Amino acid sequence: MAGHVGGSEGGSNSMDKSITLPPDEIFRNLENAKRFAIDIGGSLTKLAYYSTVQHKVAKVRSFDHSVKEAEGDPLYEISVQEEITARLHFIKFENAYIETCLDFIKDHLVNTETKVIKATGGGAYKFKDLIEKKLKLKVDKEDEMTCLIKGCNFVLKNIPHEAFVYAKHADPEFRFQNTHPDIFPYLLINIGSGVSIVKVESEDKFERIGGSSIGGGTFWGLGALLTKTKRFDELLQLASKGQHSNVDMLVKDIYGGAYESLGLTGDLIASSFGKSATTDKQFSKEDMAKSLLHMISNDIGQLACLYARLHNLSRVYFGGFFIRGHPVTMHTITYSINFFTKGEVQALFLRHEGYLGTIGAFLKGAEEDSECSVTNSDPNQYSWGENYAGSSGLMSVSPDINPMQRARSGTFTFDMLEMDRLDRQLVNLPLLQDPSSYIPDTMDLTEDSHAREYWLYCFEEALDGVVKRAVASRPDLPEATEQAEKFRQKYRHKLQTLRQQPFAYGSLTVRSLLDTREHCLNEFNFPDPYSKIKQQENDMALKYYQKVVRALEDLSWEQRQFALVRGLLAGNVFDWGAKAVSDVLETDPGFGFEQAKQQLQERPWLVDAYNQWIERLKGEPHKCALFFVDNSGIDIILGVFPFVRELLLRGTQVVFASNSGPALNDVTNNELQILTERIAGMDPVIQSAVKDDRLTLVQSGSSSPCLDLSRLDKVLATVVRERRTDLVIIEGMGRAIHTNYYAALSCESLKLAVIKNSWLAERLGGKIFSVVFKYEVPPQMQVQH
């Protein structure tokens with residue numbers, strides 16, 4: 001028999017139905033909800049709906065420069081506008097609350113266009129009448145396996161750290177895998193009541209290639225008969241405390257040790273429950289539960305391995321209620337797979353495995369209803385991103401540790417996932433040497449507890465400053481102080497959660513801490529806390545641009561190259577995201593370009609490939625340079641533009657890649673267009689490059705202070721290919737140190753930054769304001785050079 005997708009997760013339904021929920025925190029944006037899907041298992045209900053979210057965005061618009069502006073006029077105006085974006089909401093709760101939840105939805109559902117609710121899972125029949133009566137929506141049942149596969153494809157494509165391997169004795173026990181750019185083919189082993197083994201070859205091609213009637217239901221059923229324990233999670237708890245060798249007959253029980261000629265170790269199970277036939281003693285419930293768990297897991301593990309081998313598949317994902325985040329079963333399945341494949345195949349689990357059926361049912365509805373703008377009837381036209389501000393993340397469900405996240409009501413167990421539709425499709429940078437082994441982040445804080453403690457402390461320390469900056473950025477908002485306080489509480493709560501559960505959103509990194517902060521700021525309508533600072537710094541730096549360029553023109557070629565690099569590095573000091581710098585900028589507004597140059601470490605730098613770079617510049621010019629830019633103000637105007645100007649004069653085309661949306665004081669694509677226009681007005685070199693399309697501006701598709709080269713705007717990837725880009729320049733601590741420090745590219749690259757954090761500088765063997773100037777040539781090109 002096939003395993004249920006929704007399966008019976010096993011739990012108690014004897015809860016107080018009258019409990020009050022904190023529903024506004026759970027069923028968010030219901031008033032705009034357009035489409036629903038539901039997956040009802042034996043004890044958990046998973047609900048999905050599509051909604052639109054109105055939030056503020058900061059827009060910059062150039063003034064009319066045809067009229068001579070007065071001295072002191074700002075360069076551009078900043079306005080805060082409303083923007084509507086699409087969001088997918090997924091909520092998981094116990095079936096005991098289904099009526100309470102349906103009532104809440106009914107009372108808050110304003111949209112009357114919705115006529116149908118897609119349903120999947122074993123309980124969809126049982127609750128059909130209740131749903132139709134309460135919500136006045138027709139229940140439309142969808143095929144479970146189709147929903148499961150659709151959901152699985154969606155999370156693998158859109159959530160970078162979706163899959164993990166489980167290592168019981170490691171700290172932490174979850175190790176996240178980078179999703180391969182091409183997710184197909186893979187094997188999905190769904191362990192519900194029975195086991196279904198499905199081979200997935202493409203978006204809509206999959207086949208159930210095998211299965212077994214011995215699955216989660218067998219463990220539960222036999223376990224109940226053996227131990228008189230009716231609850232699934234109690235059965236697992238018993239198993240976690242048992243000793244299987246008291247019940248199982250091992251190889252050494254038969255042969256007195258290993259059976260060496262067959263290569264069998266003494267501790268191997270020769271016969272599950274073998275001792276119970278020959279011994280008269282009573283066996284403990286714990287030992288019997290453990291023996292049963294091993295018997296069923298090993299059976300499933302061997303089956304999975306045989307099918308993986310038969311179909312030559314190395315990616316094997318496990319799901320179903322038997323797994324669902326339970327450390328006990330993840331461990332036994334992992335052990336079994338490891339044993340039968342001699343470590344060649346890894347058992348992979350999914351962070352959002354419990355949601356796959358609902359996600360699939362939802363997407364099925366989206367495809368059928370071409371009028372709904374959620375997916376233009378094709379979910380694959382867009383990329384989606386997890387909204388950390390509204391998602392509960394992966395919680396440890398070890399029987400003795402943390403129960404799943406509890407809402408304020410004390411006993412209502414809920415779990416949430418929110419996905420935001422991104423304006424653009426995100427793809428790999430075509431110049432990654434091996435996209436499947438690319439890991440953006442330099443340091444994994446999930447694994448490095450010392451670094452984790454330091455950075456969590458850092459982000460908590462910085463909170464007051466961020467709150468102050470947020471309030472100042474919204475003088476138009478009467479409730480700014482109150483909203484900023486809510487932001488503080490939410491982000492602090494996220495930091496506390498991550499202290500306990502560092503794996504909640506996949507690998508914990510400096511990037512994920514920064515991105516979570518940006519998501520929380522947006523949540524409370526602070527889209528661009530640094531907009532005014534960026535505007536002032538851009539204005540100020542523009543006044544010095546011509547002077548800087550003239551000074552450079554007076555130097556000899558060698559001196560000029562060094563001055564350009566030094567200028568680029570000095571510009572990179574101006575980073576409001578670094579406390580050491582923001583403290584200086586707060587107290588000394590006069591701190592400028594020349595002072596920054598004085599702060600820089602003298603050569604030899606911490607990482608110093610300057611001599612190799614100069615040698616390279618004596619050769620042929622590069623065809624096209626892709627430049628990932630960093631901060632506004634002095635950085636972009638007095639550091640980057642003169643450097644790029646020199647490249648243009650050499651005959652190299654340049655593509656500027658800047659953020660699509662705001663993050664800290666990083667320059668956005670919108671702002672960079674205005675700056676480029678103004679600089680072109682003062683500098684004929686830049687003007688002719690813009691006119692001849694030798695200097696191009698493209699947005700990166702990111703709104704983060706860091707950089708993930710596997711999730712870039714598709715347009716940028718196309719431009720990079722068409723221009724035959726042969727040099728990538730990545731600037732700044734976020735993009736070149738916290739991320740991409742070890743990124744291997746298939747063309748030449750420059751990674752440069754000033755390290756403005758003394759802890760990180762020490763970690764890398766330097767001091768604060770140490771310089772990293774990394775020039776890398778891929779191995780295949782070194783031969784040619």
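**Figure 1. Strand β8 runs alongside β13 in this predicted model.** Here β8 (residues 186–191) and β13 pair up in the parallel sense, with 4 bridges between them. Look for Ile 189, which sits opposite Phe 318 of β13.

**Figure 2. β13 also pairs with β14.** Strand β14 covers residues 346–350, and its pairing with β13 is parallel too, over 4 bridges. If you want a landmark, find Tyr 317: its bridge partner in β14 is Leu 348.

**Figure 3. Strand β13 is tucked away inside the fold.** This strand takes in residues 315–319, and 5 of the 5 are buried, so the rest of the structure largely encloses it. Both faces are covered. Arg 315, Tyr 317 and Gly 319 lie on one side, with Val 316 and Phe 318 on the other.

**Figure 4. Three leucines make a nonpolar patch on the surface.** Leu 222, Leu 225 and Leu 226 together give a patch of about 260 Å². Leu 226 belongs to helix α5, which spans residues 216–227. With a relative accessible area of 33%, Leu 226 counts as partly exposed, because that label covers values between the 20% limit for buried and the 50% limit for exposed.

**Figure 5. Stepping back to the whole chain, we get 27 helices and 25 strands.** The C-alpha trace spans about 95 × 70 × 45 Å along its principal axes. Its radius of gyration is 29 Å, which agrees with the value near 28 Å for a compact globule of 785 residues. Buried residues account for 58% of the chain. The accessible surface comes to about 32,100 Å², and carbon and sulfur atoms contribute 50% of that.

How values were computed
Residues numbered from 1 in each chain as written. Predicted model: local features only at pLDDT ≥ 70, side-chain atom pairs only at ≥ 80, totals over all residues. Heavy atoms only, no water. Patch = residues over 30% accessible without salt bridge, like charges linked within 9 Å, V, L, I, M, F, W, Y side chains within 5 Å. Areas by Shrake-Rupley, 256 points an atom, 1.4 Å probe, with all protein chains shown as cover. Salt bridge = Lys/Arg side-chain N within 4 Å of Asp/Glu carboxyl O. Helix = DSSP H or I, 4+ residues; strand = E, 2+ residues; numbered from the N terminus. Buried < 20%, exposed > 50% of the residue type's maximum accessible area, 1.4 Å probe, protein only. Rg over C-alpha atoms; globule rule 2.2 N^0.38 Å. Pairing = 2+ DSSP bridges.
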